Amino acid sequence: MKSKQLDLYKGKRSDEWQTPNFLWEWLDCIYRFQFDLAASQTNKKVDNYFSKKNNALIHNWSFIQGYSWLNPPFSLAEEFFKKASESKNPIVAIYKCSNMETKTWQKYILPHALIHVLDKRVNYEIPNEPEQNGAPFASALILYRIKKGLNQLPSGITLKCLKSN
């Protein structure tokens, strides 16, 4: 008998999920983002962005000035967080934190960033789609090389120094 894998994901399978505007605006007030590291023409958060076409993963990010935003496509999350952990840029990212035992968290996030676990689930959006009921997982803000604005983050808990380098 074939084992059935439990699918906890109830929404549309897509890499185009975007950060809800209220959360983006809150964070942008703190960090004034200059670059969106994983976007499309329809979901970009600032004028300067990498898309599938101009692939962020093959570019050196050292030319970017100021804070960058990252909401990586789930299908490439490990690659994006590896690149973010190796970068010298200040980056704020958002990602699911229901799987902190994975290689992505253990190797590319926890040793390199502050983690701020949000206390409410995020209703990610897809442009021109009906509103969803929220993600079936918790999300965290991941702050690479950032100390500013920690007391202004949305409600949740900030985990510091979970793992030493």
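pLDDT is the predictor's confidence in each residue, from 0 to 100. The structure described here is a predicted model, and the mean pLDDT of its protein chain is 82. Of the residues in the chain, 79% reach 70 or more.

## Confidence

Two stretches fall under 50. Residues 1-11 have pLDDT under 50 throughout, and the model gives this stretch six contacts beyond four places in sequence. Residues 161-165 are also below 50, with seven contacts in the model beyond near neighbours in sequence. Where pLDDT is low, the predicted coordinates should not be read in detail.

## Overall composition

The protein chain has 165 residues, and 45% of them count as buried. Its secondary structure consists of three helices and six strands, arranged along the sequence as α-β-β-α-β-α-β-β-β. Of the contacts between residues at least 6 apart in sequence, 66% join residues at least 24 apart. The chain has an accessible surface of about 9800 Å², and carbon and sulfur atoms account for 51% of that surface.

## Helix α1 and its cover

Helix α1 spans residues 21-31, and its buried residues are Leu23, Trp24, Leu27, Asp28, Ile30 and Tyr31. Viewed down the axis of α1, these buried residues fall within an arc of 155°, so they line one face of the helix. An α-helix has 3.6 residues a turn, so residues three or four places apart point the same way. Phe22 and Cys29, on the other side of α1, are exposed.

The cover over the buried residues of α1 includes the strands β2, β3, β4 and β5. Just after α1, Arg32 has a positive phi of about 45°.

## Strands β2 and β3

β2 and β3 run parallel and are joined by three bridges. Within this pairing, Leu70 has Ala93 of β3 as its bridge partner. Most of β3 is covered, with five of its six residues buried.

## Two residues in their surroundings

Lys45 and Gly156 are set out below by location, accessibility and contacts. The contacts leave out residues up to four places away in sequence.

| Residue | Location | Relative accessibility | Residues touched |
|---|---|---|---|
| Lys45 | loop between β1 (35-36) and β2 (68-70) | 16%, buried | Gln18, Thr19, Asn21, Trp24, Asp36 and Trp69 |
| Gly156 | strand β6 (residues 156-159) | 40%, partly exposed | His116, Val117, Leu118 and Asp119 |

Lys45 counts as buried because its relative accessibility is 16%, and buried means under 20%. Among the residues that Lys45 touches are Asn21 and Trp24, and both positions fall within the span of α1, residues 21-31. The side chains of Lys45 and Asn21 are also joined by a polar contact of 3.0 Å. Trp24, another contact of Lys45, is one of the buried residues of α1. Trp69 is touched by Lys45 as well, and its position lies in β2 (68-70).

Gly156 is in β6 and is partly exposed at 40% relative accessible area. One of the residues that Gly156 touches is His116. In sequence, Gly156 and His116 are 40 residues apart, while their C-alpha atoms are 6.5 Å apart in space. Val117 and Leu118 are also among the contacts of Gly156, and β4 (113-118) covers both of these positions in sequence.

How values were computed:
Residues numbered from 1 in each chain as written. Predicted model: local features only at pLDDT ≥ 70, side-chain atom pairs only at ≥ 80, totals over all residues. Heavy atoms only, no water. Helix = DSSP H or I, 4+ residues; strand = E, 2+ residues; numbered from the N terminus. Buried < 20%, exposed > 50% of the residue type's maximum accessible area, 1.4 Å probe, protein only. Polar contact = N/O pair within 3.5 Å; in protein donor to acceptor, adjacent residues only side chain to side chain. Contact = heavy atoms within 4.5 Å. Arc of directions from axis to C-beta. Areas by Shrake-Rupley, 256 points an atom, 1.4 Å probe, with all protein chains shown as cover. Pairing = 2+ DSSP bridges.
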